Amino acid sequence: MVADRLIGPGARVLAWLSPDAPAPPRATLPRELTLVDREVVAADEEVVSLVFAHPRGAALRAWSPGAHLDVVLPSGRMRQYSLCGDPDDPFHYRIAVRRIPNGSGSIELHGLRPGARVGIHGPRNAFPLTLAGHGSSGPPGVSLSPGGLPTPARRIRFIAGGIGITPMLGMMRAADRAGADWSLVYTGRHRDALPFLDEIACYGGRVTVRTDDEDGLPTAEALVPTVEPGLAVYVCGPPGLLDVVAARVAHAPGVELHHERFAPPPIVDGRPFTVQWGRRGRVFEIPADRTVLAVLAEADPAVPYSCRQGFCGTCKVRVLAGNVEHRDTVLNAAQRAQGDMLICVSRARPGETLVLDANTGAAVTDPPHRTRYRVRLARAMPKRIRLGGVNRVP
Ligand code: FES
């Protein structure tokens, strides 16, 4: 999950993290929370909301709309979920999880019952609402965009695909309380697959629900009817949805696009290189269109990862030899100089062999046992946009 901000004209895309985003979570131990409530929130019964609290009832860290948690499951897997409760409730965090067939993380979360314990890192906000009083906002009455630049946005269009409604819930609540001019279009394959329909009914005409089975696949015009200066678009959903929306507003002057991804961004200018796991370990060829993480995870599903977008730090390994082409947004110069590498995004030049420290990350054993690489979303997206029924990392 990463928030990119794109402001026309010129289709400028800035990978950006909230200034208050902390260091990668592997540097700290997770804090423990207790599951106190579990509720099915979609008619197809494939989405549950999970409410967590401090084991002794203490107040939790404050968060702002768009924030997410890194959730460390009892199995040790770590997954990220948007917070979708009320930021004004200091005692509870709520997330929602769609069950993905064969999705280890989502199935494990669906199996939790009240009383279960999980670890968390965060909250962190990589998708802040740039509304006065929220996210990276500035003084009262002044809306600031990420990085502190004044935003001209006077109107907000929220776009959610399926489980992508989760970060929008807090944003809609905040926009509504602030008296902002906002609307939401909520899309999916069919209504039964859309969580929280009851909860958003209170917003009346501001919300449009459209489903593929009743309305057909959404067009760009249906998602963003009017493109004009002063518009801020917030979109969360599968890659196809983001692509359609980005194409709609990319060259529009004075329009902001803020989005949160479900899947890793496409590899740009990828070239093949080689990775060796340990000084005497296995050698892996990394094709131009795959990441080191994808290749290693195929050999060993226990390779740790979370965001797959170069900002959480979970997949960090130490490089013993070779030159890294860093593509993450987290590691500082000192970390890079000491050989740290985020294998979900960073690469090497063609012909280079990176020797990775086998004592970092997970063991990649020989002989390998094959497993399917877990980018279900990319595989699931046909040429035309298909919405709903997806989750971030299953
Ligand atoms: S998995 Fe998050 S930085 Fe690599």
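Is Asp269 buried or exposed? The views below come from a predicted model, and the first one takes up this question.

**View 1. Asp269 sits in a loop between two strands.** Here we are between strand E13 (256–261) and strand E14 (273–277). Asp269 is exposed, with 8 other C-beta atoms within 10 Å; a residue counts as exposed if that number is 12 or fewer. Look at its backbone too: Asp269 has a positive phi of about 55°, although it is not a glycine.

**View 2. Phe196 is a buried loop residue.** Phe196 lies between strand E10 (181–188) and helix H3 (197–200). Its phi is near 65°, a positive value in a residue other than glycine. Around Phe196, 20 other C-beta atoms fall within 10 Å, and 20 or more is what makes a residue buried.

**View 3. Six strands make up an open sheet.** Follow them in the order E6-E5-E8-E3-E4-E7, with antiparallel pairing. Strand E6 (78–82) and strand E7 (93–98) are at the edges and have a single partner strand each, so one side of each has no neighbour in the sheet. On average, neighbouring strands here are turned by 40° against each other, direction ignored.

**View 4. Strand E4 meets strand E7.** E4 (residues 47–53) pairs with E7 in the antiparallel sense, over six bridges. To find your way, start at Leu50, whose bridge partner in E7 is Ile95.

**View 5. A cis peptide bond leads into Pro123.** The bond runs from Gly122 to Pro123, and its omega is near 10°. You will find Pro123 within strand E8 (residues 117–125), one of the six strands of the open sheet in View 3.

Key
Residues numbered from 1 in each chain as written. Predicted model: local features only at pLDDT ≥ 70, side-chain atom pairs only at ≥ 80, totals over all residues. Pairing = 2+ DSSP bridges. Helix = DSSP H or I, 4+ residues; strand = E, 2+ residues; numbered from the N terminus. Axes fitted to C-alpha atoms, helices over the stretch in contact; angles between N-to-C directions.
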